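Hi everyone, thanks for coming. I'd like to walk you through one structure today, so please have a look at the screen.

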Amino acid sequence: MLFVDDDEALLAAMTRLLRLDGVRVLTAASAERALELLETQGDGVGAVISDYSMPGMNGADLLRAVRLRWPDATRVLATGNADLLAAARAVNEGQVARLITKPWEPDEFRRLVGESLDSHRMLLENRRLRELADQQAARLEHWNQRLEQLVAERTAELESANASLQRGLLDTVRILLNFLERRVPERASRSREIARLSGRLAERAGLPAEVVRRVQVAGLVHDIGLLGLPDPILRQDPENFTMAARLQFEQHPVLGQSMLSSVEQLVEIGKWIRHHHERWDGHGYPDRLAGVAIPAESRIIALADGYLSAVGREGGSASRWRSAQRAAGAYDPDLLELLGMEIERPEQTVGEMPTVNVPVDQLKPGMRLAGPIFSANGTPMLNRGELLSEELIGRLQSLAAGGVLESPIVRVAGQIVAGSAAQN
Ligand SMILES: [Fe+2]
């Protein structure tokens, strides 16, 4: 700090006092001398405390000059009662951040210096954070553009190659998942589990089969916005986030939506993804939606995500976590109920017939799928409830022969099938 006063005895006394606190003190006996010192050492000065009444330039004028040239330094004007009016004017005109009246108690002065230096440090820290956030936003924007471009290019290729919209959609999802797999492998595999559980919950919630399939797709790509975050944030445990890192992380649902918005068939799924961190009680992000204002599909994904994380931490079926959830308020209470049913009777839906496992090569036309069929990389291919035709069975068999299916055994509804079928 720089302390300016024409009373040299006071300068010496205060300097001794502040050195005890570890403060490096520059002193000047006049405003002119102060300006000379600032000229050479101004960048290192966090606070300037100046007496008001001095021969030559007065303290208010000095601090005005300091504000122009070294605006980061905290400016404090020291004044006797006689000059209070002039000093108050200096405060009003913004030249001075604080006033201290003479005479002062030593402790009062030390406190003032400490606070002035703290506010200078805070100013620098805020600026540093702002610059960091700007840089990261620029990087993010760059990533985003690259990704949108890649997705758009690949989608265009695929869509011209595949007449079927459905197939194009699944391929796009596959590409997105591959990106995620490469950068955040653990999130990609968790996303597959989330997709399955979300599909089951959506079924139990009575959503139409087509919506169930789209919920599964949304589950797969719900965290795709993580691709837009810089590596240091992806590698950090969210528990240890700084405020700035947390704010940035909480942008991932919005980034995810914006990535998907370039693919027409994924626009609706993008909306669901945007809201996968909203909470039932309205304390989530990014839009702080509450209750049924949150799309049901987003609520389902949020619950599947929360539950599977809890299983990861707690093991079993996370019963401690589940019993705490009703009071916690994060999730839709009706969905929590459905989750309980799903955990207790995972293979059965309300009113469902018994099911059997059948190898793909023993499927018969007329059988109905009792569970979804996934590809080896977790992409949903056929939904529960689908009636198997001869043609569909032929396709499944060739996919199974090519190793494309996750499992060569599928679950169908109905009676025990003769042969190697096993009942559950
Ligand atoms: Fe997320």
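Let's begin with Arg288, which sits in the loop between α12 and α13. A word of caution before we zoom in: what you see is a predicted model. Arg288 is not a glycine, and yet its phi is positive, at about 50 degrees. Is Arg288 buried or exposed? Arg288 has 12 C-beta neighbours inside 10 Å, so it counts as exposed.

While we are in that loop, have a look at Pro286. Pro286 also belongs to the loop between α12 (267-274) and α13 (296-314). The peptide bond that leads from Tyr285 into Pro286 is cis, with omega near 5 degrees. So much for that stretch of chain.

There is another positive phi to show you, and this one is at Ala318. Its phi is near 50 degrees, again in a residue other than glycine. You will find Ala318 in the loop between α13 and α14 (319-328). And how many other C-beta atoms lie within 10 Å of Ala318? There are 21, and because 20 or more is the cut-off for buried, Ala318 is buried.

We have another cis bond to visit, from Lys102 to Pro103, where omega is near -5 degrees. Pro103 is placed in the loop between β5 (98-101) and α5 (106-161).

Let me step back now to the domains. The chain divides into domain 1 (2-123), domain 2 (162-344) and domain 3 (355-423). Taken over C-alpha atoms, the centres of domain 2 and domain 3 are 27 Å apart. Their contact draws 13 residues from domain 2 and 8 residues from domain 3. Which helices build the domain 2 side of it? α6 (165-183), α7 and α8 (209-221) each give at least two residues to that side. The largest share comes from α8, with 6 residues. By character, the domain 2 side splits into 7 nonpolar, 2 polar and 4 charged residues.

Since α7 has come up, let's follow that helix to another partner. Helix α7 covers residues 185-204, and it packs against helix α15, residues 333-344, at an angle of about 110 degrees with the axes 10 Å apart. That angle is why we can call α7 roughly perpendicular to α15. On the α7 side, the residues involved are Arg200, Leu201 and Arg204, and they meet Leu335, Leu338, Leu339, Met341 and Glu342 of α15. Sorted by type, this contact has 5 nonpolar residues, no polar ones and 3 charged ones.

Next, a helix with two faces: α3, residues 59-69. The buried residues of α3 are Gly59, Ala60, Leu62, Leu63 and Val66. Looking down the axis of α3, you see these buried residues fall within an arc of 155 degrees, so they line one face of the helix. As a reminder of the geometry, an α-helix has 3.6 residues a turn, so residues three or four places apart point the same way. What covers the buried residues of α3? The cover includes two helices you can pick out on screen, α2 (31-41) and α4 (84-92), along with the strands β1 (2-4), β3 (47-51) and β4 (74-79). On the face turned away from the buried side, α3 carries the exposed residues Leu68 and Arg69.

Just beyond, in the loop between α3 and β4, is Asp72. Asp72 has 14 other C-beta atoms within 10 Å and is therefore partly exposed. Setting aside neighbours within four places in sequence, Asp72 is in contact with His120, Leu123 and Leu124. Asp72 and Gln136, by contrast, are 64 residues apart in sequence and 24 Å apart in space, C-alpha to C-alpha.

For a second helix to look at in terms of burial, take α11, residues 252-260. Of its 9 residues, 7 are buried, so α11 is largely enclosed by the rest of the structure. The buried ones are His252, Pro253, Leu255, Gly256, Gln257, Met259 and Leu260.

My last stop is Pro359, in strand β6 (residues 355-359). Pro359 is partly exposed, with 17 other C-beta atoms within 10 Å. Between the C-alpha atoms of Pro359 and Leu147 there are 40 Å, and along the chain the two are 212 residues apart.

That's my tour. Thanks for listening, and I'm happy to go back to any part of it.

Note on methods
Residues are numbered from 1 along each chain as its sequence is written. This is a predicted model: local features need pLDDT of at least 70, side-chain atom pairs count only at pLDDT 80 or more; totals for chains, interfaces and linings use all residues. Axes are lines fitted to C-alpha atoms, for helices over the stretch in contact, and angles run from 0 to 180 degrees between N-to-C directions. Helices (H or I, at least four residues) and strands (E, at least two) are DSSP runs, numbered from the N terminus. Angles under 35 degrees count as roughly parallel, over 145 as roughly antiparallel, 65 to 115 as roughly perpendicular and the rest as oblique. Two residues are in contact if their C-beta atoms, placed from the backbone, lie within 7 Å. Ala, Val, Leu, Ile, Met, Phe, Trp, Tyr, Cys and Pro count as nonpolar, Asp, Glu, Lys and Arg as charged, and the others, Gly among them, as polar. Domain bounds come from an automatic or database domain assignment. The arc is that of the directions from the helix axis to the C-beta atoms.
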